[in-house]
Amino acid sequence: MNNGTPVFFKSFSSGSCGNCYLLLCGGQGVLIDAGVSMRRLKAELQRCGLCFDDIKAVLVTHDHMDHIRNLGSYCKRMRKSVWMTPALSASMATHWMTGEYLSPVLHRLSDGWNEVAPGIRALPFVVPHDATQTVGYCLDLQGYRFVIMTDIGQMTDEALSLAREASTVVIESNYDLDMLRSGPYPKILQDRICGGCGHLSNAECSDAVADFMHPGLDNVFLCHLSEHNNTPQKAVETVGRALEGHKVRLMALPRESASPFLEL
């Protein structure tokens with residue numbers, strides 16, 4: 001529990017079309033990933049009474065296009081600190097999406113806690129996914145614990161342990177297995193998705209939520225839902241079974257549109 005300073009969350013987009021999330025505490029805003037355009041980001045911030053000046057840092061989870069598509073623009077136009085692991089920074093140093101704009105704003109994350117903005121600390125943790133490296137983040141916002149794990153092929157002990165201490169968890173619920181196996185994707189892509197380094201299914205997400213459920217958990221937000229192999233209704237229904245009897249806000253984040261500006 002934090003010191004009483006309100007914490008707010010907003011998803012600008014969550015899925016293969018683009019990923020970008022905002023956390024705000026005490027006037028300090030942090031973005032996670034850069035998958036929406038500057039124009040759209042500006043418009044959505046204005047709807048919340050915010051502007052680019054309220055953003056203090058950008059955290060990067062991995063180097064797939066739907067998470068970094070607009071990172072070069074963010075670096076060039078916002079000039080905010082961009083944080084990523086050393087492994088990711090090595091990959092992104094010559095990436096055509098960032099060019100020469102990354103270096104002046106780049107900060108490399110250590111293995112422990114990193115103060116990425118005043119009053120906001122971030123702890124990266126590695127998750128299985130078929131990118132150069134993929135991390136989730138545990139964030140401490142003046143004592144409020146928030147965990148995000150998107151694009152996670154399977155759960156890890158570290159991810160579960162951190163989620164057990166969080167008040168809000170954003171977790172991937174990408175696909176319904178029956179829809180995936182009977183859907184339009186070729187088998188090689190189906191196997192990649194559910195092969196342990198791809199994405200988390202509704203059922204796997206539900207099992208994870210049941211595992212990390214604890215009395216201090218207030219919010220579970222389901223992210224990165226597949227357009228073809230899932231529906232928000234299926235995801236919420238499946239994961240909701242793990243939360244029966246618990247007063248936890250459960251929401252599937254929209255794929256292509258923004259979520260409400262939520263107080264946590």
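In the predicted model, helix 3 spans residues 71-78, and its buried residues are Leu71, Gly72, Tyr74, Cys75 and Met78. Arg79, just after helix 3, adopts a positive phi of about 55 degrees. Helix 3 lies across strand 2, strand 3, strand 4 and strand 5, and runs at about 145 degrees to strand 5.

Strand 4, formed by residues 55-59, is mostly covered, with four of its five residues buried. Strand 4 pairs with strand 3 (residues 28-32) in the parallel sense over four bridges; within this pairing, Ala57 of strand 4 is the bridge partner of Val30. The connection from strand 3 to strand 4 passes through helix 1 (residues 38-47), and the resulting β-α-β crossover is right-handed. Helix 1 itself lies across strand 1, strand 2, strand 3 and strand 4, running at about 145 degrees to strand 1. Strand 4 also pairs with strand 5 (residues 81-84), again in the parallel sense, over three bridges. Here Val58 stands opposite Val82 of strand 5.

These pairings belong to an open sheet of seven strands, arranged in the order 6-5-4-3-2-1-14, in which the pairing is mixed. Strand 6 (106-108) and strand 14 (262-263) each have a single partner strand and stand at the edges, so one side of each is left without a neighbour in the sheet. An antiparallel component is provided by strand 1 (residues 7-15) and strand 2 (residues 18-25), which pair over eight bridges. Ser14 stands opposite Asn19 of strand 2.

Nonpolar side chains in soluble globular proteins tend to be buried together. The largest nonpolar core in the model comprises 30 residues, and those with the most contacts inside this core are Met149, Val169, Ile171, Phe212 and Leu222. Two or more residues each are contributed by strand 8 (120-126), strand 10 (144-149), helix 5 (157-163), strand 11 (168-172), helix 8 (202-212), strand 12 (219-223) and helix 9 (232-240). When neighbours within four places in sequence are left aside, the contacts of Leu222 are Ile171, Ser173, Cys205, Ala235, Val236, Val239, Leu250, Met251, Ala252 and Leu253. A second, separate core contains 28 residues, among them Phe12, Cys20, Met78 and Val105. Met78 of this second core is also one of the buried residues of helix 3.

How values were computed:
Residues are numbered from 1 along each chain as its sequence is written. This is a predicted model: local features need pLDDT of at least 70, side-chain atom pairs count only at pLDDT 80 or more; totals for chains, interfaces and linings use all residues. Side-chain values use heavy atoms; hydrogens and water are left out. Buried means under 20% relative accessible area, exposed over 50%, partly exposed in between (1.4 Å probe, protein chains only). Two strands pair if DSSP finds at least two bridges between them. A crossover is right-handed if, with the strands pointing away from the viewer, the path from the first strand over the helix to the second runs clockwise. Contact means heavy atoms within 4.5 Å. Axes are lines fitted to C-alpha atoms, for helices over the stretch in contact, and angles run from 0 to 180 degrees between N-to-C directions. A nonpolar core is a set of buried Ala, Val, Leu, Ile, Met, Phe, Trp, Tyr and Cys residues joined through side-chain atoms within 4.5 Å.
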